[in-house]
Amino acid sequence: MERNSVSPLYAAIDLGSNSFHMWVVREVNGSVQTLAKIKRKVRLAAGLNNQNELSQEAIQRGLECLTIFAERLQDIKPDHIRIVGTAALRTAVNANEFLSQAHSILGYPVSVIAGEEEARIIYQGVAHTSGGSDKRLVVDIGGASTEVIIGEGFDASALTSLKIGCVTWLERYFKDRYLTSVNFDAAINGAKDAIETIIERYTHQGWETCVGASGTVQALQEIMLAQGMDEIITLPKLKRLQRQAMQYERLEDLDIEGLTLERALVFPSGLSILIALFESLKIESMTLAGGALREGLVYEMMDQMRHHDVCSRTISSMQQRFQLDHTHADNVSNMALMLLAQCPNWQLEPPAENLLQATAKLHEIGASIEFKKSGEHAAYLIKHMDLPGFTRAQKNLIAELLRRHNGPLTSLPEQHALSAPSAARLLRLLRLAIILCHRRDQTCLPPFSLCMEDNKLTLLLSAKWLINNPLTRSELTQEATRQTDMGWPMAITVQD
């Protein structure tokens, strides 16, 4: 218990309509470290009959799951535990029968939250784990409800919980388990009927970006990546996946590349709801959010974690965790951004500057394991760690940039965070910034200018400084050769 007082544990339990989830974490250096994730497919909503009564079988499935969760709660302070029930328990007329037994098993009451409250907490989970300050539309497709939110920063301005979900839509429109156009059309149109009530208000408010925070969206992204697509969800891609699903006669026959058996049963119903949302709200694209309800529950219990810039918090936590020299990291980051500012005709995508800054600030993370293969170690660490605020594709790009941050230069593999030219340009500037800052002293930085013509870089340095810094001169000359050999022309020019 003494250990917990230093680094306390937190637990969030989400009794969802499809799955029950338990998330156990601790706060480490301003970041959340996952200690346990326990998930069980309870399909509570499937146990609701026409009178909205939960079947005894569904109740028993839920209680058996809570028996597993209860063991882990014994070591956590009561005020660090939140347990909530969502749509299925909101709907069930005999919910109290389940809730009283759940209380006995867990030792804590279950709070059945209203739809708007669920939407509010989901938004907090998204805001604390997803980068960007744009006005965003958030969609979370659950088992028996779908939450749709508009917000900016940490403040939500529109909160709605629609009574449509992948489990209830499975039972209503795919009950016969046939993957026909008739069933798909009925599921899509049924969802559109529910969405119609919010179209005017939501389109009037508008949004700049859209994120999905559900298992359905995660499953779709995994399928797309497995099939060689990027991580951006669009309506044409959803329609393509619908056509793939309809190649199979029955739900049990589904064998789409990238689709796990765990998600297969509710895949067609979740896909139908998402298609309806895209068409009704005219959503252009969607990415996967970093968190949702459980994350919102945990972050609301952690006062010290509230309302910080997510990406900055993540980078700062990584620097502390691996004892990186943050002063030097800031110098390299500032140098990289200074170099970028001198390339105004490079029209990079909006996330590029943030990705360059993050990569520069973490460029020595691999050296905390071993210097010789620091790039390989850095890439492994980044790819296998949680980075709240960065998408999966952005994580992979940061990893590949760090793999090549010094030494021999190789081309970047296919990635989906930025266009190939933009990613290559970030790598070029990162490597230059690291060389220019290698003395680790801001007062020793050289006076320079960088000229750009098409894809050619020319670095202008004073003759006197180059004479006084022969090692840096040698490294820059070698780097110019390496970049030029890659088809990225670069020259070092001496100026008086």
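Which helix gives the most to the lining of the second largest pocket? Work through the exercises below to find out. The model is predicted.

**Exercise 1. The second largest pocket**

Describe the second largest pocket by volume, by the residues closest to its centre, and by the elements that line it.

Solution.
- Step 1. Start with the volume. It is about 550 Å³.
- Step 2. Go to the centre. The lining has 20 residues, and the closest to the centre are Leu48, Asn52, Thr91, Thr168 and Arg172.
- Step 3. Look for elements that supply at least two residues each. These include helix H3 (87–91), strand E8 (155–162) and helix H6 (166–173).
- Step 4. Pick the top contributor. H6 gives the most, with four residues. That settles the opening question.
- Step 5. Sort the lining by class. Seven residues are nonpolar, eight are polar and five are charged.

**Exercise 2. An aromatic pair**

Classify the ring pair formed by Phe174 and Phe184, and place both residues in the chain.

Solution.
- Step 1. Recall what describes such a pair. Two values are needed: the distance of the centres and the angle of the planes.
- Step 2. Count the pairs. The structure holds three aromatic pairs.
- Step 3. Apply the two values. The ring centres of Phe174 and Phe184 are 5.2 Å apart and the planes meet at 75°, so this pair is edge-to-face. The cut-off for that class is over 60 degrees.
- Step 4. Place the partners. Phe174 sits in the loop between H6 and helix H7 (181–205), while Phe184 belongs to helix H7. They are ten residues apart.
- Step 5. Check exposure. Phe174 has 0% relative accessibility, so it counts as buried. Phe184 also counts as buried, with 0% relative accessibility.

**Exercise 3. A charge over a ring**

Which residue lies over the face of Tyr178, and where in the chain is it found?

Solution.
- Step 1. Identify the residue. Arg250 lies over the face of Tyr178, at 4.7 Å from the ring centre.
- Step 2. Locate Arg250. Its place is the loop between H9 and helix H10 (261–264).
- Step 3. Judge its exposure. A relative accessible area of 28% makes Arg250 partly exposed, because that class runs between 20% and 50%.
- Step 4. Compare chain and space. Arg250 and Asp176 are 74 residues apart along the chain, and their C-alpha atoms are separated by 8.5 Å.

**Exercise 4. Positive phi outside glycine**

Take Arg177 and Gln323, and decide for each: buried or exposed?

Solution.
- Step 1. Read the backbone of Arg177. Its phi is positive, about 70°, although the residue is not a glycine.
- Step 2. Place Arg177. It is found in the loop between H6 and H7.
- Step 3. Apply the cut-off. Arg177 has 17% relative accessibility, so it counts as buried. The limit for buried is under 20%.
- Step 4. Turn to Gln323. Its phi is near 55°, again a positive value in a residue other than glycine.
- Step 5. Place Gln323. It lies in the loop between helix H13 (310–321) and helix H14 (326–341).
- Step 6. Apply the cut-off again. With a relative accessible area of 72%, Gln323 is exposed.

**Exercise 5. Two residues in regular elements**

Place Leu241 and Ser111, then give the exposure of each.

Solution.
- Step 1. Leu241 is in helix H9 (residues 235–245). Its relative accessible area is 0%, so Leu241 is buried.
- Step 2. Leu241 and Met224 are 17 residues apart along the chain, with 8.8 Å between their C-alpha atoms.
- Step 3. Ser111 is in strand E5 (residues 111–112). At 38% relative accessibility, Ser111 counts as partly exposed.
- Step 4. Ser111 and Gly142 are 31 residues apart along the chain, and 18 Å separates their C-alpha atoms.

**Exercise 6. Cavities and an annotated region**

How many cavities of 30 Å³ or more does a search of the whole structure find? Then describe residues 312–479.

Solution.
- Step 1. The search finds two cavities of 30 Å³ or more.
- Step 2. The largest cavity holds about 70 Å³ of space. Among its 14 lining residues, the closest to the centre are Leu436, Cys437, His438, Arg439 and Leu445.
- Step 3. Its lining has five nonpolar, six polar and three charged residues.
- Step 4. The unreviewed UniProt entry annotates residues 312–479 as "domain: Ppx/GppA phosphatase C-terminal".
- Step 5. Over residues 312–479 the chain is 54% helix and 8% strand. The end C-alpha atoms are 30 Å apart.

Conventions. Residues numbered from 1 in each chain as written. Predicted model: local features only at pLDDT ≥ 70, side-chain atom pairs only at ≥ 80, totals over all residues. Heavy atoms only, no water. 1 Å grid on protein atoms, 1.4 Å probe; cavity = no way out; pocket = protein on both sides within 12 Å on 5 of 7 lines; lining within 4 Å. Points joined across faces, edges and corners; volume = space filled by probe spheres on them. Helix = DSSP H or I, 4+ residues; strand = E, 2+ residues; numbered from the N terminus. Nonpolar A, V, L, I, M, F, W, Y, C, P; charged D, E, K, R; others polar. Phe/Tyr/Trp six-rings, centres within 6.5 Å; stacked < 30°, edge-to-face > 60°. Buried < 20%, exposed > 50% of the residue type's maximum accessible area, 1.4 Å probe, protein only. Lys NZ or Arg CZ within 6 Å of the ring centre and 35° of its normal. UniProt positions renumbered as here; feature names shortened; annotations may be inferred.
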